[in-house]
Amino acid sequence: MTDATANGTTPASPDEVSKRVHASLKRRYAAEKRFQLYGVVAIGLALTFLFILFYDIISKGYSAFWQSHVTIEVEIDPGEVDPQGDRSLDSLRDGSYRGITRDAFTALFPTVEGRSERRHLLELMSGSADGVVRQRVLEDPSLVGQTIPVEVKLNDDADIYVKDKTVEVETAARVNGIASPTGTSGEIQILSTANDFGAILTAVKEMLAERAEDLRDDIEGDRARIERFESQLQSVEDEEVRSDLESSIASYEYDIEEAQKQIEDLQRRIDQPDVAEALNEGMPSYLVRINGGVVKITSVDNSRATGEVYLPLESVNDAPADSWEILTLPVAESDRRLSDKQVMWLWDLENRGLISLPFNTTLFTAGDSREPEQAGIWGAVVGSFYVLVVTLLLSFPIGVMTAVYLEEFAPKNKWTDLIEVNINNLAAVPSIVFGLLGLAMFLNFFGFPRSAPLVGGMVLTLMTLPTIIIAGRAALKAVPPSIREAALGMGASRIQAMTHHVLPLAMPGMLTGTIIGMAQALGETAPLLMIGMVAFIVDIPGGFTDPATVLPVQIYIWADSPERAFVERTSAAIMVLLAFLITMNLTAVLLRKKFEKRW
């Protein structure tokens, strides 16, 4: 009698067993499909985030590879650039190029008068412009006495305008009438035979209504505060506190009274839709392009505009509807760095074809600068090179020898186990801890120069050694024991077996670990900040002990700068750093494949 019969149970029929097996297989296949789906979703999310990251960086940084220039006609006055009059290089170096460069730039707009307006115009030109003229003269002294075209950089705000059009000049409204200006410069009026300025007047009235509504909201908020303070007064006995509350209530009541007066004035103006209105800096700017010039509107009604001439008119002739237009700058002048005049000057230079966008060689040939248009990454790249050279020369031989000793020659006891545990733990230690160690040992104790690539390389060596040692030991373990046994069987010593047979076969894995460690070191910032490599370094380092910075720290410095133009340069530097990291990792893969062919 079977066990199933003895236990009082009926054995399952073959059909039932088959159904159970099929159900189990179905669940297993469904679980496998879900697992595959989870993997596909995970990969998709990772690629999506990676795409967003690269898109954000590239969209912000690609424009930094071009720099806006303006062409000016510079008169190389011998009295300014050649003070000794002998055309020698020493004399030409001592010449004054600032004045002739500024005169050439202001000559682009002959009607600009007065010190303030001239300074306003010169703000559009980079401070490096006179250096460009000086370099041209030093390269060719025969230019002295001639008038030559020179391309000089625009400043950072003007560069952003030219490349990104952050202050876009737009057409405000279609005109239908004939416009008649009353002058060609200064303050003039423009009269139209149609209500061409009515749309501007309506927009101004709407902005006044919005301002009145904002003031009403402020009044409601002030009244709520007054009620809260009055309720507090009923329970407060301290005279000093009561005095403060009463003072606050009086202040808010005064604000409410002033706001109500403003609302009444605004409402009076709103109720008169045909009455002229003045425009201020808090409103969008409106301009009229007519007879070859541009007029900034300061006051407007339905058919008349009063304004200041920014670009001089060629004549006071009547302008047909198809020959003049109303322009607008939607962003209020108070909310942007470029004034209306500066935008119009740049707009005019573009229309005259004097602005160009050549490749920004300065980004790759210059060091850091306080001026974004003059800042480059070459100093940081050279500093990174010196730091990585020191790191490689120290970490690779030490790491390989340590891995070989621990894996092949060290006795297996509690001391080697302790060393292995500590090496594994060091690989997980935050990088800033190594920076603190370098600050305490290399700078404070040994007195090495601060901000030097030598110290940076030694700090990064401490950080990358665990990675190289762990990768080296893993590569040595991957070599089959038969290689060692065959070498020893042929009479080779342990050192010969290691150096002639095992180490060459393990070298691809060791190189991979080394390059990955170097790539990690290239992207480190925290440990280098601790040893002073965050300093503002303008000069290109010429050696291992010269003050320097590295590319990640340069990115950190630029990201912390308030100038908007440094945003694109930060992203551009990140693109360069990513290119280096991708190249290093690709090199590791290629080297591994190349050496693995000998296996």
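Author: A patch here is made of residues with over 30% relative accessible area and no salt bridge, with nonpolar side chains joined within 5 Å. Keep in mind that this is a predicted model.

Reader: Good to know! What makes up the nonpolar patch on the surface?

Author: Leu37, Tyr38, Val41, Leu45, Phe49, Phe51, Ile52 and Tyr55 form that patch, and together they have about 910 Å² of accessible area. Tyrosine 38 lies in helix 2, residues 14-61.

Reader: Why does tyrosine 38 count as exposed?

Author: Exposed means over 50% relative accessible area. Tyrosine 38 has 55% relative accessibility, so the residue counts as exposed.

Reader: Let's turn to the sheet. Why are strand 2 and strand 11 said to stand at the edges?

Author: The open sheet has three strands in the order 2-1-11, with antiparallel pairing. Strand 2 (147-153) and strand 11 (355-356) each have a single partner strand, so one side of each is left without a neighbour in the sheet.

Reader: How do you know that strand 1 and strand 11 pair?

Author: Pairing takes at least two bridges. Two bridges join strand 1 (residues 69-75) to strand 11, so they count as paired, and they run antiparallel. Valine 70 stands opposite isoleucine 355 in strand 11. Helix 7 (residues 129-139) packs on this sheet and touches strand 1 and strand 2; the direction of helix 7 makes about 135 degrees with that of strand 2.

Reader: And why is helix 20 called largely enclosed?

Author: Buried means under 20% relative accessible area. Seven of the nine residues of helix 20 (residues 551-559) are buried, so the helix is largely enclosed by the rest of the structure. Among the buried residues are Leu551, Ile555 and Trp558.

Conventions
Residues numbered from 1 in each chain as written. Predicted model: local features only at pLDDT ≥ 70, side-chain atom pairs only at ≥ 80, totals over all residues. Heavy atoms only, no water. Patch = residues over 30% accessible without salt bridge, like charges linked within 9 Å, V, L, I, M, F, W, Y side chains within 5 Å. Areas by Shrake-Rupley, 256 points an atom, 1.4 Å probe, with all protein chains shown as cover. Salt bridge = Lys/Arg side-chain N within 4 Å of Asp/Glu carboxyl O. Helix = DSSP H or I, 4+ residues; strand = E, 2+ residues; numbered from the N terminus. Buried < 20%, exposed > 50% of the residue type's maximum accessible area, 1.4 Å probe, protein only. Contact = heavy atoms within 4.5 Å. Axes fitted to C-alpha atoms, helices over the stretch in contact; angles between N-to-C directions.
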